[in-house]
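Trainee: Could you take me through one part of this model in detail? I would like to look at the charged side-chain pairs and what surrounds them.

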Amino acid sequence: MIRTFFATALTLAFLSLGINAQLTEQNGDSEPSLVLEASRGCPMSPYFEVSMPLLDEIDEKLVRDALNLDGTQRFPVCAFRAINNSNERNDWLEQYTPSDEVAADPRDQDQVGWHLVSIEGREPTEKEFEEYEHRGGRLYPYLELYELVDFEHLEVADRSANRVVYETKPTLEFLEKNDAGMLNDHVTTTLVVDPDSRRLDFVTTKLNEGFKPNPFMRVYEFDQSLNYEFIPEVGEVILTSLRMQADVKFVVIRRRFHLNADLSNFSCPVALQPATCEEPAPLDID
(Lines give C-alpha, C1' and ligand atoms only; values in the text may rest on other atoms or scores of the structure.)
Protein backbone atom coordinates (compact mmCIF):
# COMPACT_ATOMS: atom_id res chain seq x y z
CA MET A 1 0.00 0.00 0.00
CA ILE A 2 2.85 2.38 0.81
CA ARG A 3 4.45 1.70 -2.54
CA THR A 4 1.10 2.23 -4.29
CA PHE A 5 0.60 5.56 -2.54
CA PHE A 6 4.12 6.72 -3.34
CA ALA A 7 3.79 5.67 -6.98
CA THR A 8 0.58 7.67 -7.20
CA ALA A 9 2.24 10.68 -5.61
CA LEU A 10 5.00 10.56 -8.21
CA THR A 11 2.44 10.15 -10.99
CA LEU A 12 0.59 13.24 -9.77
CA ALA A 13 3.87 15.12 -9.66
CA PHE A 14 5.12 14.16 -13.12
CA LEU A 15 1.76 14.61 -14.80
CA SER A 16 1.61 18.08 -13.35
CA LEU A 17 5.05 18.84 -14.73
CA GLY A 18 3.43 19.11 -18.13
CA ILE A 19 1.19 21.99 -17.08
CA ASN A 20 2.12 25.22 -18.85
CA ALA A 21 1.01 28.79 -19.12
CA GLN A 22 0.35 31.73 -21.41
CA LEU A 23 2.76 32.07 -24.31
CA THR A 24 2.88 35.84 -24.74
CA GLU A 25 2.75 38.61 -22.20
CA GLN A 26 -0.51 40.54 -22.06
CA ASN A 27 0.84 43.72 -20.50
CA GLY A 28 2.99 44.84 -23.42
CA ASP A 29 6.35 44.17 -21.76
CA SER A 30 7.37 41.33 -24.05
CA GLU A 31 10.28 41.69 -26.40
CA PRO A 32 8.92 41.15 -29.95
CA SER A 33 11.85 38.94 -30.94
CA LEU A 34 11.23 36.61 -28.03
CA VAL A 35 7.53 36.34 -28.77
CA LEU A 36 8.17 35.58 -32.45
CA GLU A 37 10.76 32.95 -31.66
CA ALA A 38 8.62 31.39 -28.94
CA SER A 39 5.67 31.17 -31.31
CA ARG A 40 7.50 28.51 -33.30
CA GLY A 41 7.44 24.89 -32.28
CA CYS A 42 4.77 22.23 -32.05
CA PRO A 43 1.35 22.82 -30.51
CA MET A 44 1.69 22.24 -26.82
CA SER A 45 -1.76 20.75 -26.34
CA PRO A 46 -5.03 19.99 -28.07
CA TYR A 47 -8.16 22.01 -27.46
CA PHE A 48 -9.87 20.92 -24.25
CA GLU A 49 -13.66 20.77 -24.16
CA VAL A 50 -14.10 21.44 -20.45
CA SER A 51 -16.94 22.90 -18.45
CA MET A 52 -16.41 25.32 -15.54
CA PRO A 53 -19.93 25.86 -14.16
CA LEU A 54 -18.74 27.52 -10.94
CA LEU A 55 -16.82 30.30 -12.76
CA ASP A 56 -18.21 33.35 -14.49
CA GLU A 57 -17.26 34.18 -18.07
CA ILE A 58 -14.32 36.41 -17.07
CA ASP A 59 -12.72 33.85 -14.76
CA GLU A 60 -13.29 31.03 -17.21
CA LYS A 61 -11.50 33.01 -19.93
CA LEU A 62 -8.63 33.76 -17.52
CA VAL A 63 -8.20 30.07 -16.69
CA ARG A 64 -8.36 29.08 -20.35
CA ASP A 65 -5.71 31.65 -21.25
CA ALA A 66 -3.37 30.85 -18.35
CA LEU A 67 -3.55 27.08 -18.87
CA ASN A 68 -3.74 27.22 -22.68
CA LEU A 69 -6.89 25.10 -22.68
CA ASP A 70 -7.79 26.33 -26.15
CA GLY A 71 -4.50 24.98 -27.49
CA THR A 72 -3.64 28.25 -29.22
CA GLN A 73 -0.05 28.70 -28.03
CA ARG A 74 2.85 26.87 -29.62
CA PHE A 75 5.45 25.88 -27.09
CA PRO A 76 9.05 26.12 -28.34
CA VAL A 77 11.12 22.95 -28.09
CA CYS A 78 13.76 23.85 -25.51
CA ALA A 79 17.02 22.35 -24.39
CA PHE A 80 17.34 22.38 -20.63
CA ARG A 81 18.79 20.60 -17.63
CA ALA A 82 16.79 18.84 -14.93
CA ILE A 83 18.21 17.92 -11.55
CA ASN A 84 16.16 16.02 -9.00
CA ASN A 85 16.46 14.42 -5.60
CA SER A 86 14.15 11.75 -4.24
CA ASN A 87 14.10 8.73 -1.96
CA GLU A 88 15.42 6.65 -4.85
CA ARG A 89 18.27 8.92 -6.04
CA ASN A 90 20.15 12.10 -5.18
CA ASP A 91 21.48 14.85 -7.44
CA TRP A 92 20.34 13.12 -10.61
CA LEU A 93 21.26 15.53 -13.41
CA GLU A 94 19.81 15.15 -16.90
CA GLN A 95 20.15 17.15 -20.09
CA TYR A 96 17.42 17.36 -22.70
CA THR A 97 18.11 18.36 -26.30
CA PRO A 98 15.17 17.91 -28.69
CA SER A 99 15.56 15.49 -31.55
CA ASP A 100 13.54 14.32 -34.55
CA GLU A 101 14.94 10.82 -34.02
CA VAL A 102 12.41 8.01 -33.84
CA ALA A 103 13.10 5.31 -31.27
CA ALA A 104 13.35 1.72 -32.53
CA ASP A 105 11.01 0.71 -29.72
CA PRO A 106 7.99 3.09 -29.46
CA ARG A 107 8.10 2.69 -25.69
CA ASP A 108 11.49 4.44 -25.73
CA GLN A 109 10.26 7.52 -27.61
CA ASP A 110 10.06 9.61 -24.42
CA GLN A 111 13.74 8.86 -23.88
CA VAL A 112 14.85 10.38 -27.20
CA GLY A 113 16.76 13.60 -26.57
CA TRP A 114 17.59 12.82 -22.94
CA HIS A 115 21.09 12.24 -21.59
CA LEU A 116 22.15 11.32 -18.08
CA VAL A 117 24.87 13.83 -17.16
CA SER A 118 25.83 12.94 -13.59
CA ILE A 119 24.78 11.24 -10.36
CA GLU A 120 25.74 12.96 -7.11
CA GLY A 121 28.30 15.04 -8.96
CA ARG A 122 30.10 12.12 -10.60
CA GLU A 123 29.97 10.68 -14.10
CA PRO A 124 27.58 7.72 -14.35
CA THR A 125 29.10 4.28 -14.62
CA GLU A 126 28.64 2.16 -17.75
CA LYS A 127 26.05 0.05 -15.93
CA GLU A 128 24.13 3.15 -14.85
CA PHE A 129 24.13 4.40 -18.43
CA GLU A 130 22.72 1.05 -19.55
CA GLU A 131 20.00 1.14 -16.90
CA TYR A 132 19.10 4.76 -17.54
CA GLU A 133 15.66 5.32 -18.95
CA HIS A 134 13.38 8.32 -19.04
CA ARG A 135 10.12 6.70 -19.99
CA GLY A 136 7.02 8.50 -18.75
CA GLY A 137 8.89 11.35 -17.02
CA ARG A 138 6.87 13.90 -19.00
CA LEU A 139 9.00 16.80 -17.91
CA TYR A 140 8.37 18.31 -21.31
CA PRO A 141 6.28 19.34 -23.22
CA TYR A 142 2.89 17.61 -23.32
CA LEU A 143 -0.07 18.76 -21.29
CA GLU A 144 -2.41 16.23 -19.72
CA LEU A 145 -4.15 18.54 -17.30
CA TYR A 146 -7.54 17.24 -18.36
CA GLU A 147 -6.68 13.95 -16.65
CA LEU A 148 -5.78 15.59 -13.38
CA VAL A 149 -7.85 18.72 -12.66
CA ASP A 150 -11.57 18.53 -11.94
CA PHE A 151 -12.76 21.63 -13.83
CA GLU A 152 -16.37 20.96 -12.82
CA HIS A 153 -15.48 21.94 -9.24
CA LEU A 154 -13.03 24.73 -10.06
CA GLU A 155 -14.02 27.88 -8.13
CA VAL A 156 -12.54 31.16 -6.94
CA ALA A 157 -11.09 30.85 -3.43
CA ASP A 158 -9.45 34.27 -3.15
CA ARG A 159 -8.92 37.36 -5.26
CA SER A 160 -6.60 40.35 -4.99
CA ALA A 161 -5.19 42.98 -7.34
CA ASN A 162 -2.33 40.80 -8.55
CA ARG A 163 -3.54 37.23 -8.20
CA VAL A 164 -6.59 35.00 -8.38
CA VAL A 165 -6.64 31.75 -6.42
CA TYR A 166 -8.73 28.89 -7.79
CA GLU A 167 -9.44 25.65 -5.93
CA THR A 168 -10.59 22.23 -7.08
CA LYS A 169 -9.38 18.63 -6.71
CA PRO A 170 -7.90 15.86 -8.86
CA THR A 171 -10.47 13.93 -10.86
CA LEU A 172 -11.80 10.76 -9.28
CA GLU A 173 -11.08 8.89 -12.50
CA PHE A 174 -7.42 9.87 -12.30
CA LEU A 175 -7.14 8.85 -8.65
CA GLU A 176 -8.85 5.50 -9.20
CA LYS A 177 -6.67 4.76 -12.23
CA ASN A 178 -3.66 5.18 -9.95
CA ASP A 179 -5.14 3.14 -7.09
CA ALA A 180 -5.56 6.28 -5.00
CA GLY A 181 -9.33 6.64 -4.83
CA MET A 182 -8.81 6.90 -1.07
CA LEU A 183 -7.53 10.45 -1.59
CA ASN A 184 -10.82 11.66 -3.06
CA ASP A 185 -12.38 14.39 -0.88
CA HIS A 186 -9.13 14.61 1.11
CA VAL A 187 -6.95 16.68 -1.24
CA THR A 188 -7.31 20.16 -2.71
CA THR A 189 -5.64 21.43 -5.86
CA THR A 190 -4.93 25.17 -5.95
CA LEU A 191 -4.07 27.20 -9.05
CA VAL A 192 -2.76 30.76 -8.70
CA VAL A 193 -2.98 33.03 -11.74
CA ASP A 194 -1.76 36.58 -12.31
CA PRO A 195 -4.78 38.39 -13.82
CA ASP A 196 -2.68 41.13 -15.48
CA SER A 197 -0.14 38.98 -17.31
CA ARG A 198 -2.66 36.11 -17.48
CA ARG A 199 0.10 33.77 -16.32
CA LEU A 200 0.11 30.75 -14.08
CA ASP A 201 2.21 31.38 -10.96
CA PHE A 202 2.06 28.05 -9.16
CA VAL A 203 -0.06 24.96 -8.60
CA THR A 204 -0.34 23.00 -5.38
CA THR A 205 -2.06 19.77 -4.43
CA LYS A 206 -2.32 19.28 -0.70
CA LEU A 207 -3.88 16.86 1.77
CA ASN A 208 -6.52 18.74 3.74
CA GLU A 209 -5.84 16.82 6.95
CA GLY A 210 -4.46 13.48 8.05
CA PHE A 211 -6.82 10.54 7.65
CA LYS A 212 -7.00 6.73 7.84
CA PRO A 213 -8.16 5.11 4.58
CA ASN A 214 -8.28 1.75 6.40
CA PRO A 215 -7.49 0.35 9.89
CA PHE A 216 -3.89 -0.41 8.91
CA MET A 217 -2.88 2.80 7.19
CA ARG A 218 -2.67 6.50 8.03
CA VAL A 219 -1.74 9.30 5.63
CA TYR A 220 -0.26 12.21 7.56
CA GLU A 221 0.80 14.47 4.71
CA PHE A 222 0.82 14.94 0.96
CA ASP A 223 1.99 18.29 -0.35
CA GLN A 224 3.06 19.15 -3.89
CA SER A 225 4.06 22.55 -5.27
CA LEU A 226 4.81 23.46 -8.89
CA ASN A 227 6.40 26.87 -9.44
CA TYR A 228 6.51 28.85 -12.69
CA GLU A 229 8.64 31.76 -13.92
CA PHE A 230 8.92 33.90 -17.03
CA ILE A 231 12.09 32.78 -18.86
CA PRO A 232 13.36 35.32 -21.45
CA GLU A 233 15.18 32.62 -23.44
CA VAL A 234 11.85 30.84 -23.86
CA GLY A 235 9.57 33.84 -24.13
CA GLU A 236 6.91 32.54 -21.76
CA VAL A 237 6.14 31.31 -18.28
CA ILE A 238 7.24 27.72 -17.75
CA LEU A 239 7.75 25.30 -14.91
CA THR A 240 11.06 25.79 -13.10
CA SER A 241 10.70 23.72 -9.94
CA LEU A 242 8.71 20.96 -8.27
CA ARG A 243 8.51 20.06 -4.60
CA MET A 244 6.62 17.01 -3.34
CA GLN A 245 6.55 15.26 0.01
CA ALA A 246 4.36 12.58 1.55
CA ASP A 247 4.20 11.02 5.01
CA VAL A 248 2.52 7.60 5.28
CA LYS A 249 2.28 4.97 8.01
CA PHE A 250 1.33 1.34 7.34
CA VAL A 251 0.79 -0.72 10.50
CA VAL A 252 3.96 0.22 12.45
CA ILE A 253 6.15 1.35 9.55
CA ARG A 254 6.17 5.09 8.88
CA ARG A 255 7.86 6.47 5.78
CA ARG A 256 8.43 9.95 4.41
CA PHE A 257 8.79 10.36 0.65
CA HIS A 258 10.13 13.37 -1.18
CA LEU A 259 10.83 14.54 -4.71
CA ASN A 260 12.50 17.84 -5.58
CA ALA A 261 13.18 18.82 -9.18
CA ASP A 262 14.68 21.98 -10.68
CA LEU A 263 14.74 22.91 -14.37
CA SER A 264 17.36 25.36 -15.65
CA ASN A 265 19.73 26.27 -18.51
CA PHE A 266 16.90 26.85 -20.96
CA SER A 267 17.78 27.40 -24.59
CA CYS A 268 15.30 27.57 -27.47
CA PRO A 269 17.15 28.35 -30.73
CA VAL A 270 15.30 27.83 -33.98
CA ALA A 271 17.76 25.07 -34.87
CA LEU A 272 16.21 22.95 -32.13
CA GLN A 273 12.68 23.26 -33.46
CA PRO A 274 11.29 19.98 -34.82
CA ALA A 275 11.11 19.60 -38.57
CA THR A 276 7.50 18.48 -38.47
CA CYS A 277 4.58 18.75 -36.08
CA GLU A 278 1.68 16.39 -35.65
CA GLU A 279 -1.40 18.50 -34.96
CA PRO A 280 -3.19 17.16 -31.86
CA ALA A 281 -6.83 16.26 -32.27
CA PRO A 282 -9.45 18.04 -30.11
CA LEU A 283 -10.40 16.25 -26.92
CA ASP A 284 -13.94 16.11 -25.57
CA ILE A 285 -13.97 15.12 -21.91
CA ASP A 286 -17.50 16.17 -21.03
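Mentor: Happy to; here is a walk through the salt bridges, with a few neighbouring features along the way.

Keep in mind that this is a predicted model. The count of salt bridges comes to 10, and a good place to begin is the pair formed by Arg256 and Glu221, whose closest N and O atoms are 3.1 Å apart. This pair links distant parts of the chain: Arg256 belongs to strand β12, Glu221 belongs to strand β10 (residues 217–231), and 35 residues separate them. Arg256 has a relative accessible area of 44%, so this residue is classed as partly exposed. The pair also belongs to something wider, since Glu221, Asp247, Arg254 and Arg256 are joined into one network by salt bridges that share partners.

Stay with strand β12 for a moment, which covers residues 253–267 and includes Ile253. Ile253 brings us to a nonpolar feature: together with Phe216, Phe250, Val251 and Val252, Ile253 makes a nonpolar surface patch of about 500 Å². When you turn the model, try colouring the charged network and this patch separately.

Now compare that with a salt bridge inside one helix. Asp65 and Lys61 both sit in helix α3 (residues 57–67), four residues apart, which is about one turn of the helix. Their side chains meet with an N to O distance of 2.7 Å. How do the two partners fare for accessibility, buried or partly exposed? Asp65 counts as buried because its relative accessibility is 12%, under the 20% cut-off. Lys61 counts as partly exposed because its relative accessibility is 42%, a value that falls between the 20% and 50% limits.

One more charged pair is worth a click: the side chains of Glu128 and Arg122 form a salt bridge at 2.8 Å, N to O. Arg122 is partly exposed, as its relative accessible area is 36%.

To finish, here is a polar side chain that carries no charge. Thr171 is in the loop between β6 (164–168) and α6 (172–177). Its relative accessibility is 10%, so Thr171 counts as buried. A polar atom of the Thr171 side chain lies 3.1 Å from the backbone nitrogen of Phe174.

So, for your own tour, you could start at the network of Glu221, Asp247, Arg254 and Arg256, go on to the Asp65 and Lys61 pair in helix α3, and end at the loop that holds Thr171.

How values were computed: Residues numbered from 1 in each chain as written. Predicted model: local features only at pLDDT ≥ 70, side-chain atom pairs only at ≥ 80, totals over all residues. Heavy atoms only, no water. Patch = residues over 30% accessible without salt bridge, like charges linked within 9 Å, V, L, I, M, F, W, Y side chains within 5 Å. Areas by Shrake-Rupley, 256 points an atom, 1.4 Å probe, with all protein chains shown as cover. Salt bridge = Lys/Arg side-chain N within 4 Å of Asp/Glu carboxyl O. Helix = DSSP H or I, 4+ residues; strand = E, 2+ residues; numbered from the N terminus. Buried < 20%, exposed > 50% of the residue type's maximum accessible area, 1.4 Å probe, protein only. Polar contact = N/O pair within 3.5 Å; in protein donor to acceptor, adjacent residues only side chain to side chain.
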